[in-house]
Amino acid sequence: MEAMVTATQAIPSLIDTESALSILDGSLPLLDVIQQASKPRFTYFQNTVRIHILDNIKNGYCPEDCGYCAQRKNGDSGIQEYPLKSEDEIFADAKQAKENGAYRFCMVTSGTGPGDKSIQKLSKTIRRITDELQMKVCLSAGILDQGKAQILKEAGLDRYNHNLNTSSSHYGEICTTHTYSDRLSTLESAQSAGIGLCSGVIVGMGESLDDIVAVAMELKRLEVASIPVNFFIPIKGHAIANPSHLTPDMCLRILAVFRLINPSAEIRMAAGREGHLRGMESMGLYIANSLFASGYLNVKGSEIQNTIQMIRDAGMVPEFADGIPEEWSIALKEDKNHPYDVKNFPDLYKFQKNLLP
Ligand code: SF4
């Protein structure tokens, strides 16, 4: 199963910049676009949908000013800040995730990037998780240089997340404390250390259609294996000057552009899918092959039960990646072919029975 979802990016793009723009500007009918994008989606990932759950191991205390982020300095977003969890706390989270059936443990920290002390602590934790739990680990910890990337790789880090977020020409509009080049060189450092890349975009921050295509092309150039497509959530205290109006139609076109430019990458319908795709959310599953459940770093999202229901309703199979609640794990172990069985969830079963004639 894992080999299938980590297909490399060796497959060439299926569209060029001009075709991508004609998808985004609405020249092509939406259903034709979805159908075109569904072909590589089903070729490389069949009907599976990979579910990711984020574990926020440090929240807030950030000196950066990324305009979209609740943890930015002077953000006034009212989040609860906490420092980097201890090695034992993170290990306990990973152990719990493994017991619940997780394949990969995904840790996220706030901040510009890890200092030497944090790198040592994270490396020790990664080594302990990989040695004692035999789990793959993904880390999102900000800006990295080659030396730090190498230390993390030697500790057993499997994948590094660092989103490009927007194009090079638009980057100055969303953040002033670091540059697009800093982001790019972090990805290059992780890549040259032999760590797999996860990097994506946030749309709806006032970018042009050209900006969207430029990020999709850049991720293709970098051969990024896992691409989260986030839809901007206008949190309290955000600093995005001109957020764009995203319609469900536009969100589906954006997903399609990322899929057609990066045909074999894991395309994730990420933060904001609920509010921006609304009634069209399940159509996104014909293009994207993964999503987040149970919310985002500082914003609530669809609960895992609703997410699984949506996946099953679309005739697809949920594939858990980063940790699931125990009851879902039990259901998976009991019935591998039909992991979702409403009888395992008494409240839902009662509810559904009441709906029957
Ligand atoms: S995205 Fe990361 S670096 Fe930027 S403000 Fe948020 S926590 Fe800080």
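A residue counts as near the ligand if its C-beta atom, placed from the backbone, lies within 6 Å of it. By that cut-off, ten named residues can be placed around the ligand in this predicted model, among them Cys62, Arg72 and Gly142. Elsewhere, the largest nonpolar core has 91 residues, and parallel strands pair up through bridges.

**Ligand surroundings**
- Cysteines around the ligand include Cys62, Cys66 and Cys69.
- Glu64, Gln71 and Arg72 also surround the ligand.
- Ser110, Gly111, Thr112 and Gly142 belong to the surroundings too.
- By type, the shell holds three nonpolar, five polar and two charged residues.

**Nonpolar core**
- In soluble globular proteins, nonpolar side chains tend to be buried together.
- Within the largest nonpolar core, Val229, Ile254, Leu255, Ala256 and Val257 have the most contacts.
- Helix H10, residues 248-261, gives the most to this core, with 10 residues.
- Beyond its neighbours within four places in sequence, leucine 255 contacts Val229, Ile267, Met269, Gly284, Ile287 and Ala288.

**Paired strands**
- Strand S2 (residues 55-58) runs parallel to strand S3 (residues 104-109), and three bridges join them.
- Aspartate 55 has methionine 107 in S3 as its bridge partner.
- S3 also runs parallel to strand S4 (residues 136-140), with five bridges between them.
- Cysteine 106 stands opposite cysteine 138 in S4.
- From S3, the chain passes through helix H5 (residues 116-133) to reach S4. This β-α-β crossover is right-handed.

Technical notes. Residues numbered from 1 in each chain as written. Predicted model: local features only at pLDDT ≥ 70, side-chain atom pairs only at ≥ 80, totals over all residues. Core = buried A, V, L, I, M, F, W, Y, C linked by C-beta atoms within 7 Å. Buried ≥ 20, exposed ≤ 12 C-beta atoms within 10 Å, placed from the backbone. Helix = DSSP H or I, 4+ residues; strand = E, 2+ residues; numbered from the N terminus. Contact = placed C-beta atoms within 7 Å. Nonpolar A, V, L, I, M, F, W, Y, C, P; charged D, E, K, R; others polar. Pairing = 2+ DSSP bridges. Right-handed = clockwise from strand over helix to strand, strands pointing away.
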